[in-house]
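Reader: I'd like to go through this one label by label. Can you tell me what each term rests on?

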Amino acid sequence: MDFVHLRVVYDGKGPLIWGRKPGTFGLQDKDGHLQIGTIGGAGETTFELSLQVKSGKSGEPVLLGSFAHGPPAGRFLYLSWAEGDGTLAQRLKLPLAGIEWSDIRESVKQQKPLVGVLVDHAPRVTSTGANIGGSRPVCWKLL
């Protein structure tokens, strides 16, 4: 089974309603644990991970691993913010759709990760004061 290395870069402020305690923002695995990222000089947070890759029923790549959520044809990553007591303040889905075999082969050949950048400078809340989560588009590229 093949592996692909991914890098997620989050350039944003986080949810409007969130306690902002250390260790409460990260990439969420299937057990609900958060992988804390590395903060860069411009305030962006970078996450590194590797996922297994296999062929799906139609030959498309299917990504597997503790950070790959959702059905095989609709895998995604969760970027999550939690409160100090562990309850979630917000989760964003980062779709893995669009990653093709050619991207994976080139990533492996060049020994470079596929990079997805999410710019999120305008967090919002609903009229009831709940953070607005949901899916955010990410374009995966070799940089």
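Author: Sure, starting with the strands: helices (H or I, at least four residues) and strands (E, at least two) are DSSP runs, numbered from the N terminus. Two strands pair if DSSP finds at least two bridges between them. With that, there is an open sheet of five strands in the order E3-E2-E7-E8-E10, with mixed pairing. This is a predicted model, where local features need pLDDT of at least 70 and side-chain atom pairs count only at pLDDT 80 or more, while totals for chains, interfaces and linings use all residues. Residues are numbered from 1 along each chain as its sequence is written, and side-chain values use heavy atoms, with hydrogens and water left out.

Reader: What makes E3 and E10 edge strands?

Author: Strand E3 (34-35) and strand E10 (134-135) each pair on one side only.

Reader: How do you know that E7 pairs with E2 and with E8?

Author: Count the bridges against the minimum of at least two. E2 and E7 are joined by four, running antiparallel, and E7 and strand E8 (residues 88-95) by seven, also antiparallel. So both count as pairs by that rule. Leucine 79 shows it well: leucine 27 stands opposite this residue of E7, and its bridge partner in E8 is leucine 92. Glutamine 28, in turn, stands opposite tyrosine 78 in E7.

Reader: Why is E7 called mostly covered?

Author: Buried means under 20% relative accessible area, exposed over 50%, partly exposed in between (1.4 Å probe, protein chains only). Seven of the seven residues of E7 are buried. Phe76, Tyr78, Ser80 and Ala82 cover one side, and Leu77, Leu79 and Trp81 the other.

Reader: What makes tyrosine 10 and tryptophan 81 an edge-to-face pair?

Author: A pair of aromatic rings is described by the distance of the centres and the angle of the planes. Rings of Phe, Tyr and Trp (its six-membered ring) pair if their centres lie within 6.5 Å; planes under 30 degrees apart count as stacked, over 60 as edge-to-face and the rest as tilted. Tyrosine 10 and tryptophan 81 are 5.4 Å centre to centre with 70° between the planes, hence edge-to-face. Tyrosine 10 lies in strand E1 (residues 2-12) and tryptophan 81 in strand E7 (residues 76-82), so the pair ties together parts that are 71 residues apart in sequence. Both residues are buried.

Reader: And why are tryptophan 18 and phenylalanine 25 given the edge-to-face label?

Author: Their rings are 6.4 Å centre to centre, with 65° between the planes. Tryptophan 18, at 17% relative accessibility, counts as buried, and so does phenylalanine 25, with 13%. Both residues belong to one aromatic cluster with Tyr10, Phe47 and Trp81.

Reader: How do you know that arginine 91 lies over the face of tyrosine 78?

Author: A charge sits over a ring if NZ of Lys or CZ of Arg is within 6 Å of the ring centre and within 35 degrees of the ring normal. Arginine 91 is at 3.7 Å from the ring centre of tyrosine 78. Lysine 93 lies over the face of phenylalanine 76, at 4.7 Å from the ring centre.

Reader: Why is leucine 16 called partly exposed?

Author: Its relative accessibility is 49%, so leucine 16 counts as partly exposed. Leucine 16 is found in the loop between E1 and strand E2 (25-28).
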